[in-house]
Amino acid sequence: MKIHEYQAKALFRGAGVPVLDGEVARTADEAAEAFSRLGAPLAVIKAQIHAGGRGKGTFAEYPSQRGVQLIRSHAEAREVAARMLGQRLVTIQTGPEGKRVQQVFIERGCEIARELYLGIVLDRSASLPVLMVSSEGGVEIEEVAAKTPEKILKEHFDPALGLESFQVRKICKKLGIDGKTSRSAETFLKSVCRTYRDLDCAMLEINPLVITAAGEMLALDAKVTFDDNALYRHPDIKSLRDLTEEEPAEVRAADTGLSYVKLEGNIGCLVNGAGLAMATMDIIKYHGGQPANFLDVGGGANKDQVTEAFRILLGDPNVKAVLVNIFGGIARCTTIAAAIIAASKEVGFNVPLVVRLEGTEVEEGRKMLAQSDVDVITATDLTDAAKKVVAAIQ
């Protein structure tokens, strides 16, 4: 689950991670009032969307306006907010369609002496979280990794112990940080690592992490995603979810107990099991096709879930064919076949449908489909299925 910058900074503040004062606004008047309450000669107004690259992003109706801007007056805050709110911001992470801005964050300005990058993710190869810090603050970390990977410093840490002082000293030495700033780094870096652990984050990123003219570390940005499987432990965080920022079909699928991610291809995939779903997408690509989604109906898929899955797939105008790839285990092939037949009556298939069944009661399931009036292209194995579904749309 993702949250907005202003929400992440509220969590940071509560966890002892230094951030600047700021307020969220949903109208131009609220933005102007927020600027006045901050009482600062300079502030920054930031569009709040679930995407990075806002500072370089542009609005279709106001090409010269960026998603992050300096403001110096009550009137300017109202004017800039009025141009942002309700408009679509296009960044490197949104795609050409952009994302509609429904709220802005007005934050006090500060004197920046230096910009750094900080990120924390789980390193699965080490089975430990890893803190990454770079001198290249304000630059996309993917760009740094591609061009100057030596500038990314990494420190794994034990979640039970947190980041240790000797690790902070290593980072400071490599970054040329000393004096007052090194003492600020001790508190800041340990607090950030503790926040990552305590809140069950999947990813925590601060870009830029700034050192102020006074030598203090501050989180000037905040991007946080959470492990969905741990949200039951954090009902306060779960309540921060903004459904308007999510793909409607993905929200609808989750409500039905389906794992669905929309992609940009034209071959819909309905599969049981995450690993099999990944393999299905790979083999479609291998044979020249483009998957339109990841969809795992799970091992215990029933008629209602399969029917809803077809509704979601066929509701995507980009889908020109559907591949059903089922390995019957807990969910028997006869159950899936019955669900496909029922779905065809309730939803109606208006694109080619390729079905590959294998596993428990496979012969019975294939017979049910063959005897039904559903127009199905049957496949004997995964390679055969991929070739047939690619051919069906060509």
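Let's start with D316. At 7% relative accessibility, D316 counts as buried, because the cut-off for buried is under 20%. Keep in mind that this is a predicted model. Where does D316 sit? Its place is the loop between α10 and β17, and β17 covers 321–328. What does D316 touch, once residues up to four places away in sequence are set aside? The answer is K262 and A292.

Now back up to α10 itself. Helix α10 covers residues 303–314. Its partner here is helix α8, residues 248–255. The two axes come within 10 Å. They cross at roughly 180°. Angles over 145 degrees count as roughly antiparallel, and α8 and α10 are therefore roughly antiparallel to each other. Who makes the contact? From α8, we have A249, R252 and A253. From α10, we have E308, R311 and I312. Sort the residues of this contact by type, and you get three nonpolar, three charged and no polar.

On the α8 side, look at the spacing. An α-helix has 3.6 residues a turn, so residues three or four places apart point the same way.

Next, helix α11. This one covers residues 333–346, 14 residues in total. From first C-alpha to last, α11 reaches 20 Å. That is close to the 20 Å expected at 1.5 Å a residue. Is α11 enclosed or open? In α11, 10 of the 14 residues are buried, so the helix is largely enclosed by the rest of the structure. Here is the buried set: C333, T334, I336, A337, A339, I340, I341, A342, A343 and S344. What do they pack against? Two helices and two strands: α10, β17, β18 at 353–359, and α12 at 362–371. So α10 comes up again, as a packing partner of the buried residues of α11. After α11 comes G348. The phi of G348 is positive, near 85°.

Last stop, A219. You will find A219 in strand β12, residues 217–219. Buried or exposed? At 0% relative accessibility, A219 counts as buried. Now look along the chain. A219 and K9 are 210 residues apart, yet their C-alpha atoms are separated by 8.1 Å. K9 is also one of the residues that A219 touches. Leaving out residues up to four places away in sequence, the others are F12, P18, V19, F188, I206 and P208.

To recap: D316 is buried in its loop, α8 and α10 run roughly antiparallel, α11 is largely enclosed, and A219 touches K9. Over to you.

Conventions
Residues are numbered from 1 along each chain as its sequence is written. This is a predicted model: local features need pLDDT of at least 70, side-chain atom pairs count only at pLDDT 80 or more; totals for chains, interfaces and linings use all residues. Side-chain values use heavy atoms; hydrogens and water are left out. Axes are lines fitted to C-alpha atoms, for helices over the stretch in contact, and angles run from 0 to 180 degrees between N-to-C directions. Helices (H or I, at least four residues) and strands (E, at least two) are DSSP runs, numbered from the N terminus. Angles under 35 degrees count as roughly parallel, over 145 as roughly antiparallel, 65 to 115 as roughly perpendicular and the rest as oblique. Contact means heavy atoms within 4.5 Å. Ala, Val, Leu, Ile, Met, Phe, Trp, Tyr, Cys and Pro count as nonpolar, Asp, Glu, Lys and Arg as charged, and the others, Gly among them, as polar. Buried means under 20% relative accessible area, exposed over 50%, partly exposed in between (1.4 Å probe, protein chains only). The expected span of a helix is 1.5 Å times one less than its number of residues.
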